[in-house]
Amino acid sequence: MLRRMTKLLSGARQLDPGRFLHRGSPAPQSLDAHLDDQRPRAVSCTSEDDPARHGEQHAALHYHIPLQDLKTVFPQGLPPRFIMQVKTFNEACLMVRKPALELLHYLKNTNFAHPAVRYVLYGEKGTGKTLSLCHVVHFCAKQDWLILHIPDAHLWVKNCRGLLQSSYNKQRFDQPVEASMWLKNFKTANERFLSQIKVQEKYVWNKRESTEKGSPLGAVVEQGLTRVRNATDAVGIVLKELKNQSCLGAFRLLVAVDGVNALWGRTSLKREDKSLIAPEELALVCSLRKMVRNDWHGGAIVLTLSQTGSLFKPRRAYLPQELLGKEGFDALDPFIPILVSNYNPKEFESCIQYYLENKWLQHEKGPPT
Amino acid sequence: MAAPAVTAAGGWPVLALSLRSAVRRLPGLTQVRWSRYGPEYKDPRIDKEYYRKPLAELTEEEKYEQELRKTQLIKAAPAAKTSSVFEDPVISKFTNMMMKGGNKVLARSLMMQTLEAVKRKQFEKYHAASAEEQATIERNPYVIFHQALQNCEPVIGLVPILRGGHFYQVPVPLADRRRRFLAMKWMIKECREKKHRRMLMPEKLSHELLEAFHNQGPVIKKKHDMHKMAEANRALAHYRWW
């Protein structure tokens, strides 16, 4: 027993924590101050507010979006924490990052005679895919494209109340609540196009109501909003008309879908007899799948993969093959994948500088303002 | 560690020996709350600034203490205590009191969300206020938290004392730790019981903290009620013998 105790004590003496205690190294505060003097204070905001003019020199800088624009361009689609930040600081500042710049470069050089190219933003959780998508949507809105923005496709395959059997196709299901909400936001975002675009076919809703050929698209949207039972069919008609008419060249179409892996995954919706519904049996999902096919031209398709709202996918999955599955990958193939990664040191500095400028870091031991 | 009272066979670890020597063998008494550490184990000192002082600045006592601690046995530091600059014992204690069923992760996240909610509310007030008022608005959630709990601490408390077969509520001065405990307990109880079923804890707690910071609200009222009761029972003060 004594031998074991002496071994313990000698072990402690060998480690000798005292050696590290009395090293007499300079205190860390002076080191930080020394670094601060040498490094110039990083700038976090740029005055260039037009996404069309963003280039490499604006990488890692924040640009302002006027709050009025925010309400018209983004009635839906911004991440909830970003909306909280906008409300707290009274201003919307988005960071310009490499994946978004790459996408903007591709979009500026699109050839509208060729079939629509699909761009897929993928990356690990919390790296900025949704905000990069919002940056691209803002650019297209400024360039007067027609924006078809589905904020989160996962919301259409889970937690839906009020599923109705579709009147158009007996095997499919309607989702009146989600469809009407999307129609309302679509109307806010694209007011000016709704009167310009004319419908090319006659649509009969029921015995008393029908939309004539040549009437503006706004009439279809109004019908979907007032008669909620027909909202899903209205969405399907809007998508079909826009797809057919984008080839004519009157406008340019951007299809932006966040969480596109929901369209080919599984749903958590059940019929009355508790059997699971496949995504193919949802009318909204069917029309969206047709939209994302590249058999039309005159625009672009920007998609985002997302594990956060997805069903039955492991938490660490982020690659297109893992999240889309075989069916989804084959449907989307060929596409241009764009990796979105975490902040690099320069972007991190810029973010911290932005918070310091807005006095968000309030702890007295935090970085000095 | 010289000559413990209990002899042991070769395989016993050192810790078990020290435990046995610490336990007082009284007939009919078993220890309910005990620790695996014997009395010779000292508490760890988690303070980066203390250890970073260069040799020249240490006083004689501190040098002696540090030399002594090199050979002493020291307990392991608890997982919840860090040497971070953002470590706050009051916040840790409050988080532990909010915790239910050992779910520290949930309690900590609720605490962080509460502090964030307090900060956001104050920022909104700041942006809506004029220039003179902006100087008075406090935006640091830690300052608000500490001040609110200080405002909720009662000065005098009531203790039931048995005299002649009846319990009388006697006014008594409270120790600092009892006052802090009562303030935190009242705050948590108020937020748990008097809220709407669908309201979340961070929202309610941030609201109550802001009200207590301005010396308003139900927790401050409870403190005043306690003071009034003590004032009403001041005739019984001579029942106190300490």
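A residue is called partly exposed when its relative accessible area lies between the buried class, under 20%, and the exposed class, over 50%. Asn90(A) falls in this middle class, at 46% relative accessibility. The model described here is predicted.

Two asparagines of chain A show unusual backbone angles. Asn90(A) is not a glycine, yet its phi is positive, at about 65°. Asn90(A) sits in the loop that links helix H5 (80-89) to strand E2 (92-95) of chain A. Asn159(A) also has a positive phi, near 55°, and is likewise a residue other than glycine. The loop that holds Asn159(A) runs between strand E4 (146-150) and strand E5 (164-165) of chain A. Asn159(A) counts as exposed, at 65% relative accessibility.

A further backbone feature lies after helix H13 of chain A. The peptide bond from Asp333(A) to Pro334(A) is cis, with omega near -5°. Pro334(A) belongs to the loop between H13 and strand E11 (336-339) of chain A. H13 itself spans residues 320-332 and carries both Lys326(A) and Asp330(A). The side chains of Lys326(A) and Asp330(A) form a salt bridge, at 3.0 Å from N to O. Within the helix the two are four residues apart, or about one helical turn. An α-helix has 3.6 residues a turn, so residues three or four places apart point the same way. Lys326(A) is exposed, at 63% relative accessible area. Asp330(A) is partly exposed, at 44%.

On the other side of H13, Leu319(A) lies in the loop between strand E10 (299-304) and H13 of chain A. Leu319(A) is partly exposed, with a relative accessibility of 33%. In sequence, Leu319(A) and Leu121(A) are 198 residues apart. In space, their C-alpha atoms are 10.0 Å apart.

Helix H12 of chain A presents a buried element. H12 covers residues 283-292, and nine of its ten residues are buried, so the helix is largely enclosed by the rest of the structure. The buried residues include Ala283(A), Leu284(A), Val285(A) and Cys286(A). Arg289(A) is also among them. So are Met291(A) and Val292(A), with a relative accessible area under 20% as the criterion.

Salt bridges number 27 over all chains. One of them pairs Arg227(A) with Glu209(A), at 2.8 Å from N to O. Arg227(A) lies in the loop between helix H10 (217-226) and helix H11 (231-246) of chain A, and Glu209(A) in the loop between strand E7 (203-204) and strand E8 (210-211), so this contact ties together parts that are 18 residues apart in sequence. Arg227(A) is partly exposed, at 38% relative accessibility.

In chain B, Glu62(B) and Lys53(B) form a salt bridge, and their closest N and O atoms are 3.3 Å apart. Glu62(B) counts as buried, at 18% relative accessibility. Lys53(B) counts as partly exposed, at 25%. In chain A, salt bridges with shared partners link Glu48(A), Asp50(A) and Arg53(A) into one network.

Chain B contains ten helices and two strands. Along the sequence, the order of elements is α-α-α-α-α-α-α-β-β-α-α-α. Of the 242 residues in chain B, 30% are buried. Residues 79-234 of chain B are covered by an annotation from an unreviewed UniProt entry, "domain: Small ribosomal subunit protein uS7". Over this range the chain is 63% helix and 10% strand. The C-alpha atoms at its two ends are 45 Å apart.

Chain B also carries a positive surface patch. Its members are Lys100(B), Lys185(B), Lys189(B), Arg192(B), Lys194(B) and Lys222(B). Helix H8 (residues 176-193) of chain B gives the most to this patch, with three residues. Lys222(B) is found in helix H10 (residues 218-232) of chain B. Patch members need over 30% relative accessible area. Lys222(B) is partly exposed, at 38%.

Note on methods: Residues are numbered from 1 along each chain as its sequence is written. Chains are lettered from A and ligands numbered from 1 in the order in which they are written. This is a predicted model: local features need pLDDT of at least 70, side-chain atom pairs count only at pLDDT 80 or more; totals for chains, interfaces and linings use all residues. Side-chain values use heavy atoms; hydrogens and water are left out. Patches are made of residues with over 30% relative accessible area and no salt bridge: like charges are joined within 9 Å, nonpolar side chains (Val, Leu, Ile, Met, Phe, Trp, Tyr) within 5 Å. Accessible areas come from the Shrake-Rupley method with a 1.4 Å probe; for residues, only the protein chains shown count as cover. A salt bridge is a side-chain nitrogen of Lys or Arg within 4 Å of a carboxyl oxygen of Asp or Glu. Lys and Arg count as positive and Asp and Glu as negative; His and the chain ends are not counted. The place of a charge is taken as NZ of Lys, CZ of Arg, CG of Asp or CD of Glu. Buried means under 20% relative accessible area, exposed over 50%, partly exposed in between (1.4 Å probe, protein chains only). UniProt positions are given in the numbering used here, feature names are shortened, and annotations may be inferred rather than shown by experiment.
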